[in-house]
Amino acid sequence: MAQDSSMDSTYTDTQLYDMSLEDLLNLKITTASKQEETVRDAPGIVSIVTAKEIESYGATNLAEVLDRVAGIYMTGSYTLTNNLPVMRGESSAHWATKVLILIDGRPYRDSYLGGTLMAVMNAYPLEAIERLEIIRGPGSVLYGTNAFTGVINIILKHAGKNEFRMSTRYGSFNTRQAQVYSGIKYKDLTLDASVNLYTTNGWQFTARDERAIIRSKTVPVFDSIVNPARTINMDRNDVGASLRADYKGLTVNTFFGRSSWQAMNNASQWVVPANAGPNQTPTRFEVYSDKVLGDIGYKKDITSFWTSSLNLTWNRTRFDLSQADFKNRPVVTLANDLLAEWSNTIAIRSDLNGVIGFMLNNQQGSANDETKNANGTAFTQNKEQHNEDPFYYVPHWNETWYSGYAQLSYTPFDYLRVVGGVQANKVTALDMHYSPRIALILKNNSGFGGKLLYGSAFRSATPGGEKAIDIPGVLRGNPDLLPEEVSTSEVQVFMAKHKFETSINYFRSEQSNEIVRTAANDPANEIANTPQYTNRGSKTSYGIEAEGKFYFSSHWNSIASFAFQRSKNDAGYKNYGGTPLYMAKLGVNYENARGLDVAVFNTFYSTGGNIHAKFSSENIPANFAGTPTNANPVMKPVCYLTANVKLELREFWQNPDVPNVTVFCYGVNLLNQKVYYPEFSRRNINTYQGRAGFNIHAGLMLKV
């Protein structure tokens, strides 16, 4: 496919709407190499989601958008809602530690437990997003820790003119949402600002907790459920605000997000009053997450062949748990992380260019339990007064990590591109760690091509939770943890024509030094009966991913994908992550000249692997003689169907004097499927209810 090297990499929203498929294939992305290149030239497996697709198919938050992307499974836990974008079946805890989120290329992570993403997944204003660039596969060569199985880069709009958008909706469960976007262009100054407000009374969440199970003392062991499931409303409140300013190479990018919701407590147990009956409604238990990202950057062409940029990025993360009738919170964490990065792109020759950069990452924070005194004993006045001297289960941490990276790309022939790179990382108290990458990219003018990719990635233990946490009798950190490592080989074949583009790829990954929690009775525990973090185990995984976009005519287009993966660890457990073994996704979009836009999207999720939950009929001891049972319903195949219908009134009436208003109706889970997530954190109960049943929203959008 021919490429236009003169094409400007920055597009207005209107231009993105008017693009043909060929234009989109020539769109320049930056996530894979930190320099501009097309999807087909990038040394990675890349998916693009445009603002047009987000608006056409409908969504209330980023989690819903990602749920439609090839190879991504959006899930969460009984405590953290919409926190886990899972790629290639890799899920093991509450925290999203294996997929790195970027906001306009700047890392969004925290040093407590590495992946507190609720504020961005729930609250980020969709109106601010120009497109998403998603890389499946290791990304540590350029981005460091957490870019383990993939990278999701949120590319923000850059206004090419003065514009204004406002949308509002109302729907099931008394759900209300309002979003505002304003873009200002004045000479060399560009401002883009967005706000998102969301509130809902919530759908009914019904589940048994770990205390709903009783164990008989007879031999063989017999497990039985003695309490019925309890129900709460999954009410949620989100606030998100984004501001980006550009002026002659100087960029300021900020995001504030806050998400709060009701949940089980952090031990997978309902909070109920003493002597409560089996049908007693649980005491309200609330989870809060605040996130601030601030970045200031300056980019300058030093010479005709050398461009240099400097960024200073601040991530502030606060995460709290709170029993509603307490004045104190059992978990209060605060992480302040500062990243300084100097990056350079060098066009050595017309067929040879490179990227080189250096990073310094200072991470600080602490975590306390206000329901306990400083010595760890219970604070007995939790309902009466605030505890001014709480127990710090993670004392103040302060670590500085260093890294440097370099990558070269060489195009000896029009049909061949060779990319090689490496990142060196120095983590406190550990030896230098290296992550390499190599890629061979083949293509021709007929639209066919392929990629041979190899890369490695790492995830370092967080200085807060995994290294330093210390809760007597509950959990102990380990300052000697080694980074988790993965090496991945990938093969992709792609084809791009005027009306469609498709690709299929195979991956195989080898993981080692997995960071896990031991069991309470593990003989390796430094303190008896206290679980601790340790490096233990390895895993092999492999799979196939396929996706395509099809432009049948000026009225009809479609997106489709299929993903399949398998894994086996060194203990012999197969598909231990529990996530769906197969996913098939299909979206169809119809538009006409009178402003009507109808989009339907269906995702098929198969059952997941066996997570070996304690209270699961799939995990029965050899000498078990009782009746196998499950704490909650088993995970079943699901067809998750959504539909979005929009009508632009100006186009419908064919009258330029009519206000530019669009009315829409968005339906979710139209087949009213019961969706259950695997409980892969504590692995005691087998599943919990993951999503609402059928719900519908209607609203309008004004564009100026």
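Ala-429 is exposed, with a relative accessible area of 68%, in a model that is predicted. This residue sits in the loop that runs between strand S22 (416–426) and strand S23 (433–443), and its phi is near 70°, a positive value in a residue other than glycine. Most residues other than glycine have a negative phi. A second positive phi, of about 55°, occurs at Asn-174, which is likewise not a glycine. Asn-174 also belongs to a loop, that between strand S8 (163–171) and strand S9 (175–186), but with a relative accessible area of 26% Asn-174 is classed as partly exposed, because that class covers the values between the 20% limit for buried residues and the 50% limit for exposed ones.

The loops just described belong to a protein with eight helices and 39 strands. The radius of gyration is 25 Å, close to the 27 Å that the globule rule gives for 704 residues, and the protein is therefore as compact as a globular protein of that length. Taken along the principal axes, the box filled by the C-alpha atoms is roughly 75 × 60 × 50 Å. Of the 704 residues, 57% are buried. Among the contacts with a separation of 6 or more, 66% are accounted for by residues 24 or more positions apart in the chain. The area that the protein exposes is about 28,400 Å², and carbon and sulfur atoms supply 57% of this area.

With regard to charge, the protein carries 67 positive and 66 negative charges, and the mean positions of these two sets are 3 Å apart. The structure holds 44 salt bridges. One of these is formed by Arg-106 and Glu-341, whose closest N and O atoms are 3.1 Å apart. This pair links distant parts of the chain, since Arg-106 lies in strand S5 (residues 106–108) and Glu-341 in strand S19 (residues 331–349), with the two positions 235 residues apart in the numbering. Arg-106, at 6% relative accessibility, counts as buried, and Glu-341 is buried as well, with a relative accessible area of 3%; both values fall under the 20% limit that the term buried requires.

Another salt bridge joins the side chains of Glu-133 and Arg-131, with a distance of 2.9 Å from N to O, and both of these residues are buried. A further salt bridge is found between Lys-646 and Asp-597, where the closest N and O atoms are 3.6 Å apart. The latter pair again connects distant parts of the chain, with Lys-646 in strand S35 (residues 638–648) and Asp-597 in strand S34 (residues 596–605), 49 residues apart. Lys-646 and Asp-597 are both buried. These two residues also take part in one network of salt bridges that share partners, which in addition includes Lys-52, Glu-55, Glu-127, Lys-157, Arg-165, Glu-591 and Lys-703.

Methods: Residues are numbered from 1 along each chain as its sequence is written. This is a predicted model: local features need pLDDT of at least 70, side-chain atom pairs count only at pLDDT 80 or more; totals for chains, interfaces and linings use all residues. Side-chain values use heavy atoms; hydrogens and water are left out. Helices (H or I, at least four residues) and strands (E, at least two) are DSSP runs, numbered from the N terminus. The radius of gyration is taken over C-alpha atoms; the globule rule is 2.2 Å times the number of residues to the power 0.38. Buried means under 20% relative accessible area, exposed over 50%, partly exposed in between (1.4 Å probe, protein chains only). Contact means heavy atoms within 4.5 Å. Accessible areas come from the Shrake-Rupley method with a 1.4 Å probe; for residues, only the protein chains shown count as cover. Lys and Arg count as positive and Asp and Glu as negative; His and the chain ends are not counted. The place of a charge is taken as NZ of Lys, CZ of Arg, CG of Asp or CD of Glu. A salt bridge is a side-chain nitrogen of Lys or Arg within 4 Å of a carboxyl oxygen of Asp or Glu.
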